[in-house]
Every structure is written in C-alpha cells, then in structure tokens.
Amino acid sequence: MRIGFGYDVHRLAPGRPLVLGGVTIPYERGLDGHSDADVVLHALADAVYGALGEGDIGVHFPPGAAWTKDLPSREIVRAAARRAAARGYRVANCDVTVVAEAPRLGPYVPAMRRAIAEALGSLPGAVSVKATTNEGLGAIGRGEGIAAFAVVLLVAAAGRPPGGDAAAPAGEA
C-alpha cells in the first residue's frame, strides 16, 4: 500500500469556466490557470504521483508548455492512474475536500464523484468529495480563489506485483 497527499489552489478570474472535479459548474468566474485549472483534479493527480514517489503534476505536465495549454484535467488524472497501473498499483480509494466560499458545491458532488471515478477507472464508491468554506477567512474566504486537498490509497493491482521503475521522465506520465 502507498498513500499520497495533494493540494492545489487557483485564483478565480472572469471569463473562464469553473471546472471542479471534472464538472463544469455555472458561475460568473472560473479558475485561472494554464490548463482548465481544476483544483480538485490537480490535487488528486498530485496525490497519486506523490504516492508513487514521482513528484507533482508540474513534473509530468509542465506549466507553460504548449501541449498542456487548456488541457482538461481529466487527462492529467487519467495519466496518473495509468502510471500507477504501470507500476502495479490501482487507486483503492480517494478523499477530496474542496474549499470555496462560493458557489455552493453540494449539488455537484455526485457528478464530481462519478467524473473522478471514471478518470481513475474506479467505482464512485471509492471516491469521496466534500465541500466546505473557509468561514470568510483569508483569500479563499474573501472569494479570491478555490483550493482542494486530496489523499489517495494505492494498493497492488490484482495479478501485478508492485514496483517498476522509480520515476517517469518529465512529460511522459
């Protein structure tokens, strides 16, 4: 078994869609970033890569690289899950907490769970998504951005001994 932890935060900006957990949420602002800036999926990918001891998504998907511009973060998570499988692991479960003052995220949690499960190749029951606020404190509390925390448990995939090479070359997740 291997455990990984991830964190991501992005500033809210006008003129961008708000994508969280692979779900587009109606809101007047979206997250500013090079890809679709989905903090939920970025934190999750960081957790998978961390559990593998392979750094963060910036190693595998360099910010500023032309090929990562506007990249859907579902592709980043799919790549992380494929990398875990190549190393002999699967995601047993994950737990994500999204921190945002607005919009209200509760109604979108079931869709996020399904989208995350699909990207990981897991069942929705293996995915937990929770939403909370920052109680008005700090930049997130002022509505300047959204953050997410994620933890994953990797276990040996059936019929595959864990291991493999220690790290993927940058950009080859």
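**Entry 1: Serine 73**

A helix in these notes is a DSSP run of H or I with at least four residues, and helices are numbered from the N terminus. With that settled, I looked up serine 73 and found it in helix α3, which covers residues 73-86. I should say straight away that I am reading a predicted model.

Is serine 73 buried or exposed? Its relative accessibility is 0%, so serine 73 counts as buried. I then asked which residues serine 73 is in contact with, leaving aside neighbours within four places in sequence. The list I noted is Ser35, Asp36, Ala37, Asp38, Leu41 and His42.

**Entry 2: How confident is the prediction?**

I checked the confidence next, and the mean pLDDT of the protein chain is 92. A pLDDT of 70 or more is reached by 91% of the residues. One stretch made me pause: residues 165-173 have a pLDDT below 50. In the model, this stretch still has 22 contacts beyond near neighbours in sequence. Where pLDDT is low, the predicted coordinates should not be read in detail. I will leave that part alone.

**Entry 3: What the record says**

I turned to UniProt, where an unreviewed entry places the feature "domain: 2-C-methyl-D-erythritol 2,4-cyclodiphosphate synthase" at residues 1-154. In the model, the end C-alpha atoms of residues 1-154 lie 6 Å apart. I also noted the make-up of this span: 31% helix and 32% strand.

**Entry 4: Glutamate 54 and its arginines**

Salt bridges came next. Side chains of opposite charge can pair when their charged atoms come close. How many salt bridges does the structure hold? I have eight in my notes.

Glutamate 54 caught my eye, as it forms a salt bridge with arginine 83, with the closest N and O atoms 3.1 Å apart. This pair links distant parts of the chain, 29 residues apart. Glutamate 54 sits in the loop between α1 (39-52) and α2, while arginine 83 is in helix α3.

Glutamate 54 also forms a salt bridge with arginine 87, and here the closest N and O atoms are 2.6 Å apart. Again the pair links distant parts of the chain: arginine 87 lies in the loop between α3 and β5 (89-99), 33 residues from glutamate 54.

Are these side chains buried or exposed? Glutamate 54 has 5% relative accessibility, so it counts as buried. Arginine 83 is buried too, at 9%. Arginine 87 is at 6%, which means buried as well.

**Entry 5: Further salt bridges**

I looked up lysine 69 and aspartate 70, whose side chains meet in a salt bridge at 3.8 Å, N to O. Aspartate 70 has a relative accessible area of 47%, so I wrote it down as partly exposed. Lysine 69 is partly exposed as well, at 45%. I also found a network of salt bridges that links Arg74, Glu75, Arg78 and Glu118.

**Entry 6: Aspartate 8**

Where does aspartate 8 lie? I found it in strand β1. The cut-off for buried is under 20% relative accessible area, and aspartate 8 is at 14%, so it counts as buried. Not counting residues up to four places away in sequence, aspartate 8 touches Val39, His42, Ala43, Ile146, Ala147 and Ala148. I compared its place with that of arginine 83: the two are 75 residues apart in sequence and 20 Å apart in space, C-alpha to C-alpha.

**Entry 7: A nonpolar patch**

On the surface I found a nonpolar patch of about 560 Å². Its residues are Ile3, Phe5, Tyr7, Val9, Phe149 and Val151. Which strands each supply at least two residues of the patch? They are β1 (2-14) and β7 (145-156), and the largest share, four residues, comes from β1. I picked valine 151 for a closer look; it lies in strand β7. Its relative accessible area is 32%, so valine 151 is partly exposed.

**Entry 8: Glycine 58**

My last stop was glycine 58, in helix α2, residues 57-60. At 31% relative accessibility, glycine 58 counts as partly exposed. How far apart in space are glycine 58 and aspartate 46? I noted 8.9 Å from C-alpha to C-alpha, for two residues that are twelve residues apart in sequence.

Conventions: Residues are numbered from 1 along each chain as its sequence is written. This is a predicted model: local features need pLDDT of at least 70, side-chain atom pairs count only at pLDDT 80 or more; totals for chains, interfaces and linings use all residues. Side-chain values use heavy atoms; hydrogens and water are left out. pLDDT is the predictor's confidence in each residue, from 0 to 100. Contact means heavy atoms within 4.5 Å. Patches are made of residues with over 30% relative accessible area and no salt bridge: like charges are joined within 9 Å, nonpolar side chains (Val, Leu, Ile, Met, Phe, Trp, Tyr) within 5 Å. Accessible areas come from the Shrake-Rupley method with a 1.4 Å probe; for residues, only the protein chains shown count as cover. A salt bridge is a side-chain nitrogen of Lys or Arg within 4 Å of a carboxyl oxygen of Asp or Glu. Buried means under 20% relative accessible area, exposed over 50%, partly exposed in between (1.4 Å probe, protein chains only). UniProt positions are given in the numbering used here, feature names are shortened, and annotations may be inferred rather than shown by experiment.
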